[in-house]
Amino acid sequence: MMQSSPLNLRRVIIWIGRLILGPIFIYAGDSKLFLPNTHFWPYFFFKFSLATNIANFAFQVEAFKLLPPWGVQFVAHTLPFTEITLGLLLLIGWRLRIWATLLTAIMLGFFVVVTRAYLLHMNINCGCFATPEPIGPKKILEDAAMSALAMLMTYFAFVEARHPHPWTAPASTQTQAQTQ
Amino acid sequence: MDRRANLSGPGYLAFLGAILSVMLLAGLGVQPALRAAQPHSMPQTLASIPDLDPHEALGSKNAPIVMEVFSDFQCPACKTLFTSTNRQLMDNYVSTGKVYLIHRDFPLAMHAHSKVAAQYSRAAAQIGKLEAVEEVLFDNQEKWEQTGDVDGTVAGVLSVPEMVKVRALVKGGTLDAAIAKDQALGQGYRVNQTPTTIFHANGQTFPYAGVMNWEILKQFLDQLLSQK
């Protein structure tokens with residue numbers, strides 16, 4: 001019996017999610033750690049300070065008025081590294097369901113706090129990337145779209161794991177299936 | 001065929017390597033290049049900060065950190081920054097010679113009286129009364145923004161001869177050009193809200209838009225001071 005292509009819709013969405021969200025997360029973490037100041041390339045290499053850049057990112061975290069000072073420092077010190085790690089793991093695809101779930105949770109968290117800030121008319125920047133970006137409907141839509149993509153990717157990753165395609169199932173499983 | 005074999009293959013690793021290279025280029029190269037294309041270049045030292053009026057600044061010119069605060073006297077967030085954070089900043093960093101604080105006028109069109117307030121503040125700065133006038137304008141913001149009585153508010157902290165000088169400067173019409181210069185400078189920094197603070201230290205420039213929490217600001221300034 002002829003098999004359908006392994007590149008079904010679920011797999012396409014998983015790949016799109018990985019290829020879009022992975023680089024965005026890496027870039028988000030990278031920009032927080034390396035680019036909060038406005039040095040001209042390549043001069044900033046000589047003045048680069050990770051601690052200063054993290055201390056600067058703490059301003060953005062605090063602006064949301066959700067965390068006590070120790071919480072602000074914790075998030076400022078861990079979020080950029082978490083974003084880079086999750087982005088890399090998403091691209092690599094190792095233990096995809098675990099990291100996709102974590103990334104989706106973080107993405108939903110971003111969506112909630114950004115929407116809350118907008119609804120409360122908080123005159124703050126998103127802090128998503130290094131450049132100042134005021135929070136508005138465009139930013140909320142961006143976050144909503146990325147959250148939706150993350151949720152779809154994670155859901156399909158679980159579905160695919162339960163029903164692996166015959167072409168991509170381990171060879172031993174295929175042999176067993178043929179002999180039955 | 002086992003899918004896991006594919007994931008560790010040289011093709012897959014080359015693909016990943018290509019993506020990571022693109023990300024590194026994007027992170028380290030593209031954004032600074034885009035910033036370099038901005039109409040105004042970011043100053044790196046006090047000497048290169050444009051349109052610096054010493055009357056509009058507080059602290060020592062030799063301070064290792066320079067802060068430019070783009071502010072609107074009628075904006076509530078600017079009042080919060082002034083009353084909650086800047087007073088502690090003055091006591092702990094400006095008066096001790098660690099920070100040179102520059103006031104920049106950025107009156108927003110949405111505020112009916114903020115430009116008049118900026119004119120009075122500038123005029124007061126010319127006679128060395130910047131701090132007192134800034135304080136009275138922010139402390140009484142809710143009152144004068146209802147009545148528009150900026151003159152009466154400022155008169156509350158200045159003597160009669162001082163007030164005569166301030167009124168003459170305001171009526172002279174020369175202050176508008178200075179305010180417009182500050183606004184143009186802010187647009188160069190891409191200021192899109194007030195308050196916006198631009199930090200300059202160790203040849204670096206950090207913009208921040210919004211009200212800063214004192215504890216977080218203190219940690220950031222200490223970090224800048226500790227950086228060689």
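These are my notebook entries on what I looked up in this structure, which is a predicted model.

**Chain A, overview**

I began with the secondary structure of chain A and found seven helices and zero strands, so that I could write the order of its elements from the N terminus on as α-α-α-α-α-α-α. I then looked up burial and noted that buried residues make up 39% of the 180 residues in chain A. For the contacts in chain A between residues at least 6 apart in sequence, I recorded that 67% join residues at least 24 apart.

Before going further I checked the confidence, and chain A averages a pLDDT of 83, with 79% of the residues scoring at least 70. Where in chain A is confidence lowest, and where is it highest? I found the lowest in helix H7 (residues 171–179), at a mean of 53, and the highest in H5(A), at 94.

**Helix H5 of chain A**

I turned next to helix H5 (residues 96–119) of chain A and compared its length with what is expected: at 1.5 Å a residue its 24 residues should span 34 Å, and the end C-alpha atoms are 34 Å apart, which agrees. I listed the buried residues of H5(A), which are A:Leu96, A:Trp99, A:Ala100, A:Leu103, A:Thr104, A:Met107, A:Phe111, A:Val114 and A:Ala117. I kept in mind here that an α-helix has 3.6 residues a turn, so residues three or four places apart point the same way. When I asked what covers the buried residues of H5(A), I found that the cover includes H1, H4 and helix H6 (137–162) of chain A.

Is A:Gly109, which is found in helix H5 of chain A, buried or exposed? I noted that A:Gly109 counts as exposed, because it has 12 C-beta neighbours inside 10 Å and the limit for that class is 12 or fewer. I also took the separation between the C-alpha atoms of A:Gly109 and A:Leu141, which are 32 residues apart along the chain, and it is 14 Å. After H5(A) comes A:His121, for which I wrote down a positive phi, near 55°.

**A residue in helix H1 of chain A**

I picked A:Leu19, which lies in helix H1 (residues 9–34) of chain A, and found that A:Leu19 is partly exposed, with 13 other C-beta atoms within 10 Å. Its C-alpha atom is separated by 27 Å from that of A:Val61, although the two residues are 42 apart along the chain.

**The nonpolar core**

I looked up the largest nonpolar core and found that it has 94 residues, those with the most contacts inside it being A:Ala58, A:Leu90, A:Leu103, B:Val99, B:Leu101 and B:Tyr120. Helix H4 (residues 69–92) of chain A gives the most to this core, with nine residues. I followed B:Val99 further and, leaving aside its neighbours within four places in sequence, noted contacts with residues including B:Gly59, B:Ala63, B:Ile65, B:Leu89 and B:Leu221.

**Strands of chain B**

I moved on to strand S3 (residues 99–105) of chain B, where seven of the seven residues are buried. On one side I noted B:Val99, B:Leu101, B:His103 and B:Asp105, and on the other B:Tyr100, B:Ile102 and B:Arg104, so both faces of S3(B) are covered, while I recalled the general pattern separately. In a regular strand the side chains alternate between the two faces of the sheet.

How many residues of strand S2 (residues 65–71) of chain B are buried? I found six of the seven, so S2(B) is largely enclosed by the rest of the structure. S2(B) and S3(B) pair in the parallel sense over seven bridges, and in this pairing B:Phe70 stands opposite B:Arg104. I saw that S2(B), helix H3 (residues 76–94) of chain B and S3(B) make a right-handed β-α-β unit.

I then looked at the other pairings: S2(B) pairs with strand S4 (residues 196–201) of chain B in the antiparallel sense over six bridges, and there B:Phe70 stands opposite B:Thr196. Strand S1 (residues 57–58) of chain B is joined to S3(B) by two bridges and runs antiparallel to it, with B:Ile102 as the bridge partner of B:Ala57.

Definitions and conventions:
Residues numbered from 1 in each chain as written. Chains lettered and ligands numbered in written order. Predicted model: local features only at pLDDT ≥ 70, side-chain atom pairs only at ≥ 80, totals over all residues. Helix = DSSP H or I, 4+ residues; strand = E, 2+ residues; numbered from the N terminus. Buried ≥ 20, exposed ≤ 12 C-beta atoms within 10 Å, placed from the backbone. Core = buried A, V, L, I, M, F, W, Y, C linked by C-beta atoms within 7 Å. Contact = placed C-beta atoms within 7 Å. Expected span 1.5 Å × (residues − 1). pLDDT = per-residue confidence, 0-100. Pairing = 2+ DSSP bridges. Right-handed = clockwise from strand over helix to strand, strands pointing away.
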